[in-house]
Amino acid sequence: SHSVLAGSGEGPGEVRMPISVLTLPGDSILVEDDGNSKLLVLHDGEVARVSSVANTGQAPYALRAYAAGSDGRLLMGTSSYMPDQGSGWIQGHMVVAGPDGLEADTVGAYDMAISTSRDGPENPFRPFGQLSASPSGFVGGRSDRAEVVWYGTDGAVERIARWIPVRDVADQSDVDQLLEMYRTTLPGMNPGMPEERVEQMVRQRADRIQLTGDPVPLYIELIDFGPSGVWLSEFRSDAYGSGGASAYRVVSPDGQSIRRVDLPQMTRVFDVSGDRVLGVARDELDVQYVVVYRLDG
């Protein structure tokens, strides 16, 4: 069974494009709704507070909330960028904001993405910078580096964990898997798109791909689950850009141990507590469903 906490729309208790959902101290739920440029706080299934961030320059299409501290302040990071701005690595920022998303302070910077041409050839398996957070602070990394970095809420580096990686290089089979994934996900993102248009977009994407011979990223996504460690989703060319993995590298909160977790199917992990893992998987008909796994060992 389930209940709807916030339906689709533009009203006070409705959302249009939520990009993050967090639990707050006191068992409240915060929804960051970019579509309506607001932060919605729910308590006991009712609207407790709505904060508009329209025209403030603080949150809409600029920041994403990753965690809330014990004092209610939000730990946020850059959520968008222009791919052709400058050269080399584009900087993202770590931001601490008030519970309403305003009064934001930038506390640090990190490598977010490599600048690329909008129309020129692209390496679809280029690395990205990653940022996550738990109530105690930020965690980040670059997917071309075998390391995880913890930052305090003031942006200061607290510790670094490193390991010896196994490097792989993409080949044409990886490109084929990526294009097939693109072909199957396009209709879901664009309902009603004619099949010939889908194939046209796949061909356009294929024409832009240029492999560089560089190693593929060591992981796709980095997620900080606080006391349950930092989870890094294993790179797979057929899942790149769609989220989820069938294997995760887990770095302990103190950075002293690293283990591998194998899941029975491709799963996007949303929460970890004790020996339980909560996530979303898809069946053979591409229908999403919620799964809970129990960890062995």
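## Salt bridges, strands and rings in a predicted model

Arg276 is partly exposed, with 38% relative accessible area. Its salt-bridge partner is Asp275, and the closest N and O atoms are 3.7 Å apart. Asp275 is partly exposed as well, at 34% relative accessibility. Elsewhere, salt bridges with shared partners connect Asp111, Arg142 and Asp144 in one network. The model described here is predicted.

### Charged pairs

The structure has 13 salt bridges in total. Side chains of opposite charge can pair when their charged atoms come close. The table lists three of these bridges, including the one above.

| Arg | Partner | Closest N to O |
|---|---|---|
| Arg126 | Glu122 | 3.3 Å |
| Arg183 | Glu180 | 2.8 Å |
| Arg276 | Asp275 | 3.7 Å |

Is the bridge of Arg126 and Glu122 buried or exposed at its two ends? Arg126 has 16% relative accessibility, so Arg126 counts as buried, the cut-off being under 20%. Glu122 is buried too, at 12%.

The bridge of Arg183 and Glu180 has another setting. Both residues belong to helix 1, which spans residues 172-189. They are 3 residues apart, about one turn of the helix. Arg183 is partly exposed, with a relative accessible area of 26%. Glu180 is partly exposed at 39%.

A charge also meets a ring. The charged end of Arg205 sits over the ring of Tyr182, 5.1 Å from the ring centre.

### An open sheet of four strands

Strands of a sheet pair through backbone hydrogen bonds, either parallel or antiparallel. In this model, 4 strands make an open sheet in the order 5-6-7-8, with antiparallel pairing. Strand 5 (63-68) and strand 8 are the edge strands, each pairing on one side only. From one strand to the next, the twist averages 25°.

Strand 5 and strand 6 (residues 74-78) run antiparallel and are joined by 5 bridges. Which residue of strand 6 stands opposite Ala68? That residue is Leu74.

Past strand 8 (105-114) comes a loop that leads to strand 9 (129-134), and Ser115 is placed in that loop. Ser115 counts as buried, at 18% relative accessibility. Leaving out residues up to four places away in sequence, Ser115 touches Pro83, Asp84, Gln85, Gly86, Ser87, Gly88 and Ile90.

### Strand 11 and its two partners

Strand 11 covers residues 147-151, and 5 of its 5 residues are buried. In a regular strand the side chains alternate between the two faces of the sheet. Here, Glu147, Val149 and Tyr151 point one way, while Val148 and Trp150 point the other way. All of them are buried.

Strand 10 (residues 137-142) runs antiparallel to strand 11, with 3 bridges joining the two. They form a hairpin with 4 residues between them. Strand 11 also pairs with strand 12 (residues 157-162), again in the antiparallel sense, over 5 bridges. That hairpin has 5 residues between the strands, and Gly155 there takes a positive phi near 85°.

Trp150 has a bridge partner in strand 10: Val139. In strand 12, Trp150 stands opposite Arg159.

### Aromatic pairs

A pair of aromatic rings is described by the distance of the centres and the angle of the planes. The count for this model is 3 aromatic pairs. One of them is Phe125 with Phe235, an edge-to-face pair at 5.7 Å centre to centre and 85° between the planes.

What does this pair tie together? Phe125 lies in the loop between strand 8 and strand 9, and Phe235 lies in the loop between strand 14 (230-234) and strand 15 (245-251), so the pair links parts that are 110 residues apart in sequence. Both Phe125 and Phe235 are buried.

Phe225 and Trp231 make another edge-to-face pair, at 6.2 Å centre to centre and 80° between the planes. Phe225 is buried, with a relative accessible area of 11%. Trp231 is buried at 0%. Ring pairs link Phe225, Trp231 and Tyr248 into a cluster.

Definitions and conventions:
Residues numbered from 1 in each chain as written. Predicted model: local features only at pLDDT ≥ 70, side-chain atom pairs only at ≥ 80, totals over all residues. Heavy atoms only, no water. Salt bridge = Lys/Arg side-chain N within 4 Å of Asp/Glu carboxyl O. Buried < 20%, exposed > 50% of the residue type's maximum accessible area, 1.4 Å probe, protein only. Contact = heavy atoms within 4.5 Å. Pairing = 2+ DSSP bridges. Axes fitted to C-alpha atoms, helices over the stretch in contact; angles between N-to-C directions. Phe/Tyr/Trp six-rings, centres within 6.5 Å; stacked < 30°, edge-to-face > 60°. Lys NZ or Arg CZ within 6 Å of the ring centre and 35° of its normal.
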